[in-house]
Amino acid sequence: MGFEIPFDFATLLTPVVLLSIGGLTLALVAWALLRRSPAARSTARRAVVLADEEESTEVRDLRKTLYLLQNENKNLSIFLMTLPDLARQLNSSVEKRKIPELLMGCIQQLFDAQQILIFLSTSEGTHLTLAAARGLPNDPRARQVIPIGRGRIGWVAHHQIVMDENDFSSKSRSSRGELEEAAHSLFRTELCAPMMSKDQTLGVISVGGLLRRPKNEKNMLKMVADLGSIALQNKTLLTRMQQSANFDGLTGIVNKRHFMDLLAQELVKAEKESTHMSLFMFDIDHFKAYNDTNGHLAGDEALKITGRLLRETFRDDDLPARYGGEEFAVLLPSTDKRGAMIAAEKFRKAVEEFAYPNEEKSQPGGKVTISGGVATFPFDATTTTDLIKCADKALYEGKHGGRNRVCAYAPQYLSEETGTIDLGLIDTKRA
């Protein structure tokens, strides 16, 4: 009978057996590692380091891309919020001189620039004049007038294209520095855009020291410049329309409708400030004879000359107007009767001394002359209607007194001796 050793599989899985197997496995791994050469171990370590570095580079690249996207999104958000607000302000009833200031505010928000210069074209279209500036030192070398075509700003005005620093550098290399102007050394022109209306340059925007650089900075500045161009053009058209509505087309001075509005405004102002205000009204003596003898074209020329003499003789604060036909009126703010009479008499002499065409053929005495009257607020009248009536009465007294004279109106009163009404008119020719 043979001897048998019973085999129990559960016995093989006892803790003692498992520990023996685990120890054997570790020993085999250790033996395998010990058999690897130092070079192999170094290569393995480098592979791990390279993997870590590659992962780190990818992370940095992703972070950089994320930062750029966030920054670009921020710049775009600023642009989208700023531009509608600028358009709203420009479309409001803002004065033309305030347009450059509004443009500068928008540009500062977009680019956080250290210097912003806005030039507007002169009426002749040959030069640019500095209209608004930020970051320009108070230096006499900072010339405020630039000929179109000179330097970076003048070049952009002439060629009517948007330029940045790369464009300027490239152009300077190809044209041997024609964009660099010594007189413009204080201008930091890194980004420049023209303001245009069709083929006409209305102005130029120059930006320097940009601390914020949007991806599409040239397009952004161009859109700001285009809004500025539209605003400038609209203001110019509005001014022309107002001039057409408020000014006499023949003489170039204010027409009667607009004059009456301004007269009412000045009377209210004089009343509030307790100051004088005078009105001088006159017409051309024997104007019908001048027209009949020399023709209506010659009569129109005489009216033009009279309008020009009015603009040249009176102060800038005074307001001459064509009241109707050959009759004119002049509003003299903050002027008492004595001052108004001196100004009116000066103008009467200017007309008398001026050589009107063919005056010797039609006018008595061979000279074109005027007759006028002066009335003053508040002594003569307290309303516009009464003031005009008083000046008109003084005018006709001058007519009846022999023409070529100016009379001042005085308040009416009852004569103690006769009991009749005395107009109290003062005649400069008799005084």
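This is a short talk on the cores, one helix, the salt bridges and a few backbone oddities of the structure above.

Okay, before anything else: what we have here is a predicted model, so keep that in mind throughout.

Let's start inside. The largest nonpolar core has 30 residues. Which residues have the most contacts inside it? Those are Leu103, Phe111, Ile205 and Val224. If you want to find this core on the screen, the elements that each supply at least two residues are α3 (38-91), α4 (99-111), β1 (113-121), β5 (191-197), β6 (200-210) and α7 (217-246). The largest share comes from α4, with seven residues. There's also a second, separate core, this one of 28 residues, and it includes Ile253, Ala298, Phe314 and Tyr356. As background, nonpolar side chains in soluble globular proteins tend to be buried together.

Click on Ile205 for a moment. Setting aside neighbours within four places in sequence, Ile205 has a long contact list: Leu103, Ile107, Leu117, Ile118, Leu191, Cys192, Ala193, Met195, Leu221, Val224 and Ala225. So that list takes in Leu103 and Val224, two names you just heard.

Staying with β6, have a look at Thr201, which lies in that strand. Buried or exposed? Thr201 is buried, because its relative accessible area is 10%, and the cut-off for buried is under 20%. What does a buried threonine do with its side chain here? The side chain of Thr201 reaches the backbone oxygen of Ala157 at 2.8 Å, and a polar contact of 3.0 Å joins it to the side chain of Gln160. Beyond four places in sequence, the contacts of Thr201 are Ser121, Ala157, Gln160 and Met195.

Next, helix α9, residues 287-294. The buried residues in α9 are Phe287, Tyr290, Asn291 and Asn294. Why do they end up on the same side of α9? Because they cover an arc of only 95° around the axis. Turn the helix over, and the face away from that buried side carries Lys288 and Asp292, which are exposed. The buried residues of α9 pack against β7, α10 and α12 (359-362).

The two ends of α9 are worth a look too. Just after the helix, Gly295 takes a positive phi of about 95°. On the other side, in the loop between β7 and α9, you find His286. That residue isn't a glycine, yet His286 has a positive phi of about 55°. His286 counts as partly exposed, at 33% relative accessibility.

There's another one like that. Asn358, also not a glycine, has a positive phi of about 60°. Asn358 lies in the loop between α11 (337-353) and α12, and is partly exposed with a relative accessible area of 33%. And one more for the backbone collection: a cis peptide bond joins Phe377 and Pro378, with omega about 5°. Pro378 is found in the loop between β10 (370-377) and α13.

Right, salt bridges. How many are there? The count comes to 19. I'll pick out a few. Asp283 and Lys399 meet at 2.5 Å, N to O. This pair links distant parts of the chain, with Asp283 in strand β7 (residues 277-284) and Lys399 in helix α13 (residues 384-400), 116 residues apart. Both Asp283 and Lys399 are buried.

Set that beside Glu312 and Arg308, whose closest N and O atoms are 3.8 Å apart. Both of these lie in helix α10 (residues 296-313), four residues apart, which is about one turn of the helix. Glu312 counts as exposed at 55% relative accessibility, while Arg308 is partly exposed at 31%.

Then there's Glu359 with Lys367, a salt bridge at 3.0 Å, N to O. Here Glu359 is buried at 5% relative accessible area, but Lys367 is partly exposed at 26%. And for a network of salt bridges, go to Glu190, Arg213 and Glu217, which are linked together.

Last thing, cysteines. How many disulfides does the structure hold? Zero. Among the cysteines, Cys106 counts as buried at 4% relative accessibility, and Cys390 is buried with a relative accessible area of 7%.

That's my tour, thanks.

Conventions:
Residues numbered from 1 in each chain as written. Predicted model: local features only at pLDDT ≥ 70, side-chain atom pairs only at ≥ 80, totals over all residues. Heavy atoms only, no water. Salt bridge = Lys/Arg side-chain N within 4 Å of Asp/Glu carboxyl O. Buried < 20%, exposed > 50% of the residue type's maximum accessible area, 1.4 Å probe, protein only. Arc of directions from axis to C-beta. Contact = heavy atoms within 4.5 Å. Disulfide = S-S within 2.5 Å. Core = buried A, V, L, I, M, F, W, Y, C linked by side-chain atoms within 4.5 Å. Polar contact = N/O pair within 3.5 Å; in protein donor to acceptor, adjacent residues only side chain to side chain.
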